[in-house]
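Open the model in your viewer and keep the selection tool handy. We will go stop by stop, and each stop tells you what to pick next.

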Amino acid sequence: MQYLLMIYLNEVEYAKMEKEAEGKMLAEYQTFTQSIIASGNYKGGDRLQPTTTSTTVRVRDGKILTTDGPFAETREQLGGYYMIEANNLDEAIGIAARIPGARLGSIEVRPVWQYNH
Amino acid sequence: MTPEAIDQVFRDEAGRALATLIRLVGDFELAEDALQDAFAAALLNWRGAGAPANPRAWLVNVARNKAIDRIRRQRNFRAKEAEIVHAIERDAVSDEAAATPNDLDDDMLRLIFTCCHPSFAPEVQVALTLRTVCGLTTAEVARAFLASEEAMAQRLLRAKQKIRLAGIPYEVPGRHALEERLRGVLTVIYLVFTEGYLATSGPELIRHDLAREAIRLGRLVLGLMPEAPDIKGLLALMLLHDARRAGRTDASGDIVLLEEQDRSLWNSEQIAEGLDLVEQALGVRGRPQPYTVQAAIAALHAQAQSYHDTDWRQIVGLYEVLLRIAPSPVIELNHAAAVSMVDGPARALALVESLAARGGLRQYDLLPAVRADLLRRLDRREEARSAYRAARDSTQLEPLKRLYARRLVELDAGA
């Protein structure tokens, strides 16, 4: 099965992180990503720019409406994601728990909708 | 065979039949629907002829065929479904030859671990366990939660869909995760029991049906995993608490406090079984386990001739162990109540006030009640009165409301 692992964290707090700590975090992310590529679980993944760069788009009555910022103001923001292949939810939870960001923020594990299932 | 007798067989066999069926057909919802079909068939067949020698095997067999029928009837029956049907039929042949009692035990454990999966909210774990492992009807589960049957059916349906769509595995967790997951299973059993032992709301103090189901679950898990840590402690705890049932309410359903209970009403057979289990649980090497320590406290109460003859000093010591290994506001409150019996109400009140100041127990109506009791014993009547009023207003449980109202009347009478 495929799962989307969404990494949420408080980006204001994250921005305050010391250079050295951030460097260590990025190195941990690299190690983690390499490990799930090697195990065959990795399908994709990216880090996202902060929500100050985001734009929300709606189409109403055929007109495109845009607003500055994310769809909802929340305490934690989506900061990145991995798309993985796992045998079941237990394996997906195990992988999510190894994401370095899980120790700071939280990871939402969502199964991907499968057609013809 | 009467419909009632058939119903009893269903209740006894539903959990295990479903557990095996889910493995055979590979889908939780399909297995449940097919088992319902099999129950309907049994109602027709058994009424005249009586139940077959092995009702569970009969139910599993008929349900498996019903599952195949259901798959075939699906609108878009294609190659993939044909494959599934083929797999179910093939497994059926090999299964009958190879199934050992051990396999069937494993099926039951798979079902229990699936229902108690940590990706479900605790109340969903409890509802799923009652419905599938214990074989309660949706209406009965709804009653346990004081929810409407429709709302409960929706909730159970969503949970079963999550099993399939989120890929919750139908298996006993591996060694690395087993202890943690087992703790979750014990928590669910204890949640069922505590709701039965002291309902959180409603007209009755004791929901005996739920307490009984919890004890049944405890026995089941002990039978399946006798070496599991703390399971003996949990079963002992439930047996010892439940043994006092007959003494806990009077004829009118009013609560009788431990202090005033007629100890001859306690179930001595159940106490003996509980004491034996505590002994075994305490004999296990390693660090003390929370349910086992609580059971040891219950054992001291069960063995005492009277409230005042109770070994309060040892109970205080055991609560201090609990505060170290499994601290919680409820344990702190119970510890304070025990301290009052050893060092007097003044020291206990200081502990309760400190707990209240930290705001640890905001939604727990027993804090004002314990506080009120201590103030009454210290003869600080005005404060006791307002604490009893607070206790009365914060409980949803009718017998407790009446108890606190009675205490208020006693205080006013200067008793």
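In which loop of chain B does B:Asp379 lie? Select B:Asp379 and look to either side: the loop runs between helix 18 (366-377) and helix 19 (381-394) of chain B. Please keep in mind throughout that this is a predicted model. The backbone here deserves a look, since phi of B:Asp379 is near 60 degrees, a positive value in a residue other than glycine. Turn on the surface as well: B:Asp379 is exposed, with a relative accessible area of 52%.

Next, jump to chain A and select A:Asp61. This residue also has a positive phi, about 50 degrees, although it is not a glycine. You will find A:Asp61 in the loop between strand 3 (55-60) and strand 4 (63-68) of chain A. Its relative accessible area is 84%, so A:Asp61 counts as exposed, the cut-off being over 50%.

Now zoom out to take in chain A as a whole. Its C-alpha trace spans about 50 × 45 × 20 Å along the principal axes. Switch to cartoon view and you can pick out three helices and six strands. Walking from the N terminus, the elements come in the order β-α-α-β-β-β-β-α-β. Of the 117 residues in chain A, 29% count as buried. If you display contacts with a separation of 6 or more in chain A, 76% of them come from residues 24 or more positions apart.

Which strands pair with strand 1 of chain A? Select residues 2-9 of chain A, which make up strand 1, and then residues 77-85, which are strand 5: the two pair in the antiparallel sense over eight bridges. Add strand 6 (residues 106-111), which pairs with strand 1 in the antiparallel sense over six bridges. A:Ile7 is a handy place to centre the view. Its bridge partner in strand 5 is A:Gly80, while in strand 6 A:Ile7 stands opposite A:Ile107.

For the last stop, show both chains and colour the interface. Here eleven residues of chain B are in contact with nine residues of chain A. The area buried between the chains is about 740 Å², with carbon and sulfur atoms giving 52% of it. Select A:Asp90 and B:Arg181 to see a salt bridge, with the closest N and O atoms 3.6 Å apart. The count between chain B and chain A is one salt bridge. Three residue pairs are in polar contact across this interface. On the side of chain B that touches chain A, colouring by class gives four nonpolar, three polar and four charged residues.

Definitions and conventions: Residues numbered from 1 in each chain as written. Chains lettered and ligands numbered in written order. Predicted model: local features only at pLDDT ≥ 70, side-chain atom pairs only at ≥ 80, totals over all residues. Heavy atoms only, no water. Contact = heavy atoms within 4.5 Å. Buried area = accessible area lost by both parts, 1.4 Å probe. Salt bridge = Lys/Arg side-chain N within 4 Å of Asp/Glu carboxyl O. Polar contact = N/O pair within 3.5 Å; in protein donor to acceptor, adjacent residues only side chain to side chain. Nonpolar A, V, L, I, M, F, W, Y, C, P; charged D, E, K, R; others polar. Pairing = 2+ DSSP bridges. Helix = DSSP H or I, 4+ residues; strand = E, 2+ residues; numbered from the N terminus. Buried < 20%, exposed > 50% of the residue type's maximum accessible area, 1.4 Å probe, protein only.
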